[in-house]
Amino acid sequence: MIHKHLSYYLSHIRQDIPAGIVVFLVALPLCLGIALASGAPLFAGLIAGMVGGIVVSWASGSQLSVSGPAAGLTVIIFNAIEQLGSFSGFQLCVVLAGGMQFLLGFARAGIIGAFFPSSVIKGMLAAIGLILIIKQTPHAVGYDVSFEGDESYMQETAASSFQELISSFAAISPGATLIAAVSLLILVLWELPWLKRFTLVRLFPGPLVAVAWGIVYNLSAKAYFPAWAVSGKHLVSLPATGGFEQFVDLFTLPDFSFFSNPEIYTIAATLAIIASLETLLSLEAVDKLDPLKRTAPTNRELKAQGVGNIISGMIGGLPMTAVIVRSSANINAGGRTRVASFIHGLLLLLSVMYLTRFLNLIPLSCLSAILLQTGYKLAKPSLFHNSYRQGWGQFLPFVVTIIAILLTDLLQGIIIGIAVGLYFVIRAHYHASITLYQEGNHYLLSMNKDVSFLNKALLRRLLFQIDENSTVQIDATKAQFIDHDILETLQDFMMSAPDDNIKVEVIGMDDSIKT
């Protein structure tokens, strides 16, 4: 069995190693940006990324999902740290939240993810793609008012994000813009089928070439064209460590004295619920993007996230979830198994320990270009066109989810999208459950599937259409469940039918019908 698993991972190693490097390059600034926006130590974001890659990737049942600090939790973290007045106290909340998630996994709460309509999941992906484009464009042109750039607006409003996008065009840095433009060109060319025929192109993924271009260009520009070079604030900025001992010194334990503070239990429960929902949504989305069409076990994912958060909280990290942006970057870069996510976590670990001097040479505009391409792939025009062709029942929840996420945040937008999707489900169920056919003075009233109280008004309307001096056959053979309200309505009709000389025959409605 072990040999079988090993050979499976080895067969995909050529795709997974480059994908892991790409995910690492994308995750690096996001881990730092989320920590910064959360009011937490920068290293806390990196710890969550490391644990997500090294531990959760193997504990999880998903082959492509990437876990780490999530933008959707930023406001909760910021407020919690402020409320408790201590980051070490907040760490205890993360540990408790992880324990709750672990128990949710055993309680089989992962099934919740299956109830999200596919149109809402697609809308979420498209909205994240648009957010990436909105948030990363200022970084690409060297306008870095805010450092974060993940799948949420953080504590910002939609208006301020759009304002930042507009303002960025009035403060363009020529060096950063050139790096991003050429990086995007490289990424587009690397996708062309005729170019993929060359061995070198297949060997080196586009994002890696784009990063290499950015480093070489900036070093050259500093030496020969200083006006066209990008400054330090537009480069990756990692906290420097001098090796393993200094690295371990950065870990911090939770403050266990906060066990007596009742606020930590409320914060922990909030974190556990929101992180679990974001994880399940991300998992649904990753399953849809998986080129091999695998389905990840949701309950196992909750247990894996629980273990990850317990470890992260114990050593000084932020809470984590499965994150769609990094997972999408993994899939787009050609990742095939959990090895890619593991490599990204391992590289985060090694980078903080030994490679900060080299990584701090990478221009942020290179990473922005990678995320801009990921954003386009998530929200490409063909997705909107295909959704429109599937009818209003699919298109409206899709569009409403996108608009709601852009105007609010990820979770609120999804709830609004689900509400719209639910309306169409109820509407379809309402019209399809009961049908009335007429031939002369003979009527056939069919119960086509489960009939709930929601169909009561429809049933009354159909029964009202039956003329006097006619015969009615009520066929319930296809219904496995008939609500008590429906039975009462039918009984009332059968009692009053003789008054209008209506003969009623009932088939398929006996003791086996559950009421």
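1. Contact here means heavy atoms within 4.5 Å. On that footing, 81% of the contacts in the chain with a separation of 6 or more are between residues 24 or more positions apart.

2. This is a predicted model, in which local features need pLDDT of at least 70 and side-chain atom pairs count only at pLDDT 80 or more, while totals for chains, interfaces and linings use all residues. Residues are numbered from 1 along each chain as its sequence is written, and side-chain values use heavy atoms, with hydrogens and water left out.

3. Overall make-up. The chain has 21 helices and 6 strands; helices (H or I, at least four residues) and strands (E, at least two) are DSSP runs, numbered from the N terminus. The C-alpha trace spans about 100 × 60 × 55 Å along its principal axes. Of the 515 residues, 52% are buried, where buried means under 20% relative accessible area, exposed over 50%, and partly exposed in between (1.4 Å probe, protein chains only). The exposed surface of the chain is about 23,200 Å², and carbon and sulfur atoms supply 66% of it. Accessible areas come from the Shrake-Rupley method with a 1.4 Å probe; for residues, only the protein chains shown count as cover.

4. Nonpolar cores. A nonpolar core is a set of buried Ala, Val, Leu, Ile, Met, Phe, Trp, Tyr and Cys residues joined through side-chain atoms within 4.5 Å. The largest has 98 residues, and L28, L46, M50, F90, L318 and L367 are those with the most contacts inside it. Helix α2 (residues 13-38) gives the most to this core, with 11 residues. Another core, of 21 residues, lies apart from it and includes I434, L463, F493 and I502.

5. Surroundings of F90. Neighbours within four places in sequence set aside, F90 is in contact with I77, A80, I81, L84, I267, L271 and P319.

6. S67. This residue is found in strand β1 (residues 66-69). S67 counts as buried because its relative accessible area is 3%. The S67 side chain makes a polar contact with the side chain of Q305 at 2.8 Å. A polar contact is a pair of N or O atoms within 3.5 Å; within protein, one must be able to donate a hydrogen and the other to accept it, and residues adjacent in sequence count only if both atoms are side-chain atoms. Beyond four places in sequence, the residues in contact with S67 include G49, G52, G53, V56, M320, T321 and H344.

7. S65. This residue lies in the loop between α3 (42-59) and β1, and at 7% relative accessibility S65 is buried. Not counting residues up to four places away in sequence, S65 touches L283, V286, A322, S327 and S341. The C-alpha atoms of S65 and T337 are 9.2 Å apart in space, with the two positions 272 residues apart in sequence terms.

8. Salt bridges. The whole structure holds 2 salt bridges, each defined as a side-chain nitrogen of Lys or Arg within 4 Å of a carboxyl oxygen of Asp or Glu. K377 and E191 form a salt bridge through their side chains (3.3 Å, N to O). This pair links distant parts of the chain, 186 residues apart: K377 is in helix α16 (residues 364-378), and E191 is in the loop between α8 (174-189) and α9 (199-203). Both are partly exposed, K377 at 24% relative accessibility and E191 at 35%. D290 forms a salt bridge with R294, with the closest N and O atoms 2.9 Å apart; D290 is buried, at 4% relative accessibility.

9. Nonpolar surface patch. F244, V248, L346, L350, Y354, L355 and F358 make a nonpolar surface patch of about 620 Å². Patches are made of residues with over 30% relative accessible area and no salt bridge: like charges are joined within 9 Å, nonpolar side chains (Val, Leu, Ile, Met, Phe, Trp, Tyr) within 5 Å. Helices α11 (244-249) and α15 (339-359) each supply at least two residues, and α15 gives the most, with 5 residues. V248, in helix α11, is partly exposed, with a relative accessible area of 32%.

10. Backbone points to check. R108 is not a glycine but has a positive phi of about 60°. R108 sits in the loop between α5 (87-106) and α6 (118-140) and is exposed, with a relative accessible area of 61%. N501, also not a glycine, has a positive phi of about 55°. N501 lies in the loop between α21 (484-496) and β6 (503-507) and is partly exposed, at 45% relative accessible area.
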